[in-house]
Every structure is written in C-alpha cells, then in structure tokens.
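Hi,

Here is the structure I promised to pass on. Have a look at it first, and then read my notes below.

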Amino acid sequence: MVDLWEIHCQRLADDIADIIDITPALYDAFCKVNRSEFCPIQKHAYSLDPQPIAGMQWISSPLTVAKMTIALELDGVDKILEIGCGSGYQAAILSKIVRRVFTIERIESLAKEAKEHFTNLEISNIHLKFDDGNSGWKNYAPYERILLSAATTQIDERLFSQLETGGILVAPIEKNGVQNIVRFRKISDSEISQEILEECQFVPLLKGKEQ
Ligand code: SAH
C-alpha cells in the first residue's frame with residue numbers, strides 16, 4: 001500500500017519538475033524522503049516555500065535544495081561534505097543519490113534533532129558532526145563534492161584543500177549585499193575556476209559553535 005506521505009512527496013517532486021529540469025535520480029530522491037519529518041509546521045511540509053526551524057534557522061525551499069543538488073553534478077559521486085546541516089533535509093536528499101554524506105552543524109540542538117530525523121527515516125549513510133564547518137572534516141577528506149548550505153563572502157582555504165582535484169564545491173556567495181549560487185571547480189592545487197549560477201538567499205555562515 002502507498003502511504004499518504006509518498007503521494008505528497010511525489011506531488012512535491014512533480015511541482016519541482018514543472019519549474020526546473022531535474023534528473024530521474026533527483027526526482028526519486030524527492031519521492032523517497034518524507035519532508036514532513038524535517039518540518040515543524042506540518043501543513044507546509046510539501047510546499048515549495050522555505051520554513052523556519054529551531055535556532056532562528058531555516059529549512060531551505062525544496063526548489064533551492066533541487067538547484068543546489070543539480071549544481072553539484074552528482075552523477076557517479078561517492079562522497080560529499082555539507083556545511084550547514086540545519087534540519088537535515090538537504091543531506092537526506094543527497095543521501096539517496098551518493099554513497100556517503102558527511103554533514104556539519106554548528107548549533108548543537110539542530111545537530112541532535114537532525115540525527116533523530118535520520119534515525120526515524122532509517123537513513124544510515126549520513127555522518128553528522130556538531131562543529132564549526134569552516135574547518136571542514138579532515139578525517140574523511142578528500143571529498144569529491146562540498147556543499148555550503150549557508151552564505152559566505154569567501155570560502156575558507158581549508159575547504160578547498162579538502163576537495164579532491166577535479167572536484168566541485170557549490171556555495172552561496174555574497175557580494176555587495178547580493179547572494180549567488182557559485183560553482184567552483186578545483187582544476188589543480190593552484191587553480192580554481194568559478195561559475196556564477198543564479199541569485200539565492202541563505203542564512204549566513206557563522207564562525208564557532210553554539211551549545
Ligand atoms: N541544509 C539545511 C539548511 C540549513 S540553513 C536544510 O536542509 O535544512 C543553514 C545552516 O547552516 C543553519 O542550520 C546554521 O546553523 C548552519 N551553519 C551556519 N554556519 C555554520 C558553520 N560555520 N558550520 C556549520 N554549520 C553552520
């Protein structure tokens with residue numbers, strides 16, 4: 001029997017596919033992750049709007065999650081690092097497409113809740129750390145992909161050093177008060193290219209952790 005949440009999630013995937021081109025793998029990921037697990041306001045769980053969560057943070061719009069995921073070019077990717085786990089929804093979507101997801105959150109209560117969401121949904125390929133993500137997660141580096149789910153003016157060099165050669169880092173970059181999704185490619189240790197994709201709105205990447 002099909003559960004009601006599955007119908008809602010498929011509708012959500014359809015709504016996204018009506019607006020932007022999504023790959024079959026991403027469409028399936030939206031169908032498989034029950035977004036209501038991550039949303040405090042149940043009646044908005046399947047809408048395309050961003051929503052407030054604890055700690056004055058936001059769960060991104062599913063459309064933004066889709067755009068960031070597409071920008072990462074995940075076909076055949078094994079290992080990804082996300083900075084800014086928040087509710088955990090973006091990480092859960094990634095977990096359906098790549099083999100291992102590493103994600104870092106600087107607010108302890110959010111990290112704890114996200115862990116519970118992953119357990120409730122029986123997702124076992126996400127590794128979550130409560131820490132300041134600016135220093136990355138050295139133990140498991142290098143990563144084929146790195147995603148920043150919070151906006152910054154400049155990427156910490158330690159993150160580029162944990163990205164493998166040929167790898168992609170996607171981040172919301174703020175310049176003159178405007179944020180854009182930017183895709184960086186590590187061509188070699190000394191060369192990084194960048195492409196500006198489109199305007200976006202994320203909460204700021206902060207320093208340090210919060211208990
Ligand atoms: N990916 C999230 C959206 C997160 S909002 C989701 O799907 O819900 C951005 C998150 O980044 C917030 O939870 C914020 O606490 C976190 N954050 C900001 N600065 C950080 C840092 N330096 N290290 C780790 N997490 C950070």
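Let's start with a pair of strands: β4 (residues 100-105) and β5 run parallel and are joined by 5 bridges. If you want a spot to find that pairing on screen, look for Thr-103, which stands opposite Leu-128 in β5. Keep in mind throughout that this is a predicted model.

What links up with these two strands? Helix α5 (residues 108-120) does: together, β4, α5 and β5 make a β-α-β unit, and that unit is right-handed.

β5 itself, residues 126-130, is worth a closer look, as it has two faces. In general, side chains in a regular strand alternate between the two faces of the sheet. Here Ile-126, Leu-128 and Phe-130 make up the covered face, while His-127 and Lys-129 are on the uncovered one.

The loops on either side of β5 each have something to show. In the loop between α5 and β5 you'll find Glu-122, with a positive phi near 55° even though it isn't a glycine. Is Glu-122 buried or exposed? Its relative accessibility is 73%, so it counts as exposed. In the loop between β5 and β6 (143-148) sits Pro-142, and the peptide bond joining Ala-141 to Pro-142 is cis, with omega about 5°. Both features stand out because most residues other than glycine have a negative phi, and most peptide bonds are trans.

There's another glutamate with a positive phi: Glu-73, near 50°. Glu-73 lies in the loop between α3 (62-71) and β3 (79-83). With 33% relative accessibility, Glu-73 counts as partly exposed, because that class runs between the 20% and 50% cut-offs.

Now go back to the start of the chain, to helices α1 (residues 4-19) and α2 (residues 24-32). Their axes come within 7 Å and cross at roughly 145°, and the crossing is right-handed. On the α1 side, the residues in contact are Trp-5, Cys-9, Gln-10, Ala-13, Asp-14 and Ile-16; on the α2 side they are Tyr-27, Phe-30, Cys-31 and Lys-32. By type, that contact comprises 7 nonpolar residues, 1 polar and 2 charged.

Last, a hairpin: β8 (residues 178-188) pairs with β9 (residues 191-199) in the antiparallel sense, over 8 bridges. The hairpin passes from β8 to β9 through 2 residues. To find your way into this pairing, look for Asn-180, which stands opposite Glu-199 in β9.

That's what I have for now.

Cheers

Definitions and conventions: Residues numbered from 1 in each chain as written. Predicted model: local features only at pLDDT ≥ 70, side-chain atom pairs only at ≥ 80, totals over all residues. Heavy atoms only, no water. Axes fitted to C-alpha atoms, helices over the stretch in contact; angles between N-to-C directions. Helix = DSSP H or I, 4+ residues; strand = E, 2+ residues; numbered from the N terminus. Left-handed = near helix turned anticlockwise from the far one by under 90°. Contact = heavy atoms within 4.5 Å. Nonpolar A, V, L, I, M, F, W, Y, C, P; charged D, E, K, R; others polar. Pairing = 2+ DSSP bridges. Buried < 20%, exposed > 50% of the residue type's maximum accessible area, 1.4 Å probe, protein only. Right-handed = clockwise from strand over helix to strand, strands pointing away.
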